[in-house]
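Biologist: I am new to this structure. Please take a single part of it, look at that part closely, and then follow it outward to whatever it touches.

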Amino acid sequence: MDIGKKLKELRLQNDLTLEDLASRSELTKGFLSQVERNLTAPSIATLEDILEALGTNLSEFFREEEEKQIVFTDQDFFVDEQEDYQIEWVVPNAQKNEMEPILLTLHPHKKTHVLSAYQGQEFGYVLKGSITIVRGSRKYKVKTRETFYMDGSKSHYLYNHGNTDAKVLWITTPPMF
């Protein structure tokens, strides 16, 4: 761990100058500059004083945050092939997140399972083909390069009224798939 760099980042996050931090920690500006540039190492007691002035402590400072995966490739996808459609979960274990994106390939003249009414929202972008959203007694046609956005207050499903596969990027919050 680059202690000097991390201290400088904390200082800047707190919108403090070296002079401000020196005043708060009762250390000199020159000493703190040397610490930030890793030219000198503070004692544990001095480091505790600096961290206290920055609003943190030793245990928080040295805690290594687990790096979360933010980029996913097709090797990370999970594919569920059904008779009427295929679902690709494009973010693994998304059910633990606040939203869940899938790629849905809906075969011609087929429909998804019915999503029961729930407290949440959905967004969809039709990548290929066209679909019909059947929501209660209402039907909404959505073509390639068009989107839909709705709350989950009514049960609904998607139907492919075309003669070719339709592909939809479909996102729900909270996760529903």
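Modeller: I will take helix H4, which spans residues 44-53, and begin with its outward side, where Ile-44 and Glu-52 are exposed. The model is a predicted one, so this is a reading of a prediction.

Opposite these two residues, H4 has a buried set: Thr-46, Leu-47, Ile-50, Leu-51 and Ala-53. The set lies on the same side of H4, because the arc it covers around the axis is only 160 degrees. What this buried set packs against is a group of helices, namely H1, H2 (18-25), H3 and H5 (58-62). Just after H4 comes Gly-55, which takes a positive phi of about 80 degrees.

Of these neighbours, H2 can be described in detail. The axes of H2 and H4 come within 9 Å and cross at roughly 115 degrees, and the crossing is right-handed. On the H2 side the contact is made by Leu-21, Arg-24 and Ser-25, and on the H4 side by Asp-49, Ile-50 and Ala-53. By type, the residues of this contact are three nonpolar, one polar and two charged. Ile-50 and Ala-53 therefore appear twice in this account: they are among the buried residues of H4, and they also take part in the contact with H2.

H1 is another of the helices that the buried residues of H4 pack against. The buried residues of H1 are Gly-4, Leu-7, Leu-10 and Arg-11. They cover an arc of only 125 degrees, so they sit on the same side of H1. The cover over these residues includes H2, H3, H4 and H5. After H1 comes Asp-15, with a positive phi near 55 degrees.

Arg-11 leads on to H3, another neighbour of H4. It forms a salt bridge with Glu-36, and the closest N and O atoms of the two are 2.6 Å apart. Arg-11 belongs to H1 (residues 3-13) and Glu-36 to H3 (residues 29-36), so the bridge links parts of the chain that are 25 residues apart. Both partners count as buried, because the cut-off is 20% relative accessible area: Arg-11 has 7% and Glu-36 has 11%.

For comparison, here are salt bridges elsewhere in the chain. The count for the model is four, and the pair of Arg-11 and Glu-36 is one of them. Another joins Arg-135 and Asp-151, at 2.7 Å from N to O. Arg-135 is in strand E5 (residues 130-135) and Asp-151 in strand E7 (residues 147-151), so this pair ties together parts 16 residues apart in sequence. Here Arg-135 is buried, at 15%, whereas Asp-151 is partly exposed, at 37%.

A further bridge joins Asp-84 and Lys-110, whose closest N and O atoms are 3.7 Å apart. Asp-84 lies in the loop between strands E1 (78-81) and E2 (85-89), and Lys-110 in the loop between strands E3 (100-106) and E4 (121-128), so parts 26 residues apart in sequence are tied together. Asp-84 is partly exposed, at 25%, and Lys-110 is also partly exposed, at 31%.

To return to the helix: the buried side of H4 packs against H1, H2, H3 and H5, while Ile-44 and Glu-52 are exposed on the other side.

Methods: Residues are numbered from 1 along each chain as its sequence is written. This is a predicted model: local features need pLDDT of at least 70, side-chain atom pairs count only at pLDDT 80 or more; totals for chains, interfaces and linings use all residues. Side-chain values use heavy atoms; hydrogens and water are left out. A salt bridge is a side-chain nitrogen of Lys or Arg within 4 Å of a carboxyl oxygen of Asp or Glu. Helices (H or I, at least four residues) and strands (E, at least two) are DSSP runs, numbered from the N terminus. Buried means under 20% relative accessible area, exposed over 50%, partly exposed in between (1.4 Å probe, protein chains only). The arc is that of the directions from the helix axis to the C-beta atoms. Contact means heavy atoms within 4.5 Å. Axes are lines fitted to C-alpha atoms, for helices over the stretch in contact, and angles run from 0 to 180 degrees between N-to-C directions. A crossing is left-handed if the near helix is turned anticlockwise from the far one by less than a right angle, and right-handed if clockwise. Ala, Val, Leu, Ile, Met, Phe, Trp, Tyr, Cys and Pro count as nonpolar, Asp, Glu, Lys and Arg as charged, and the others, Gly among them, as polar.
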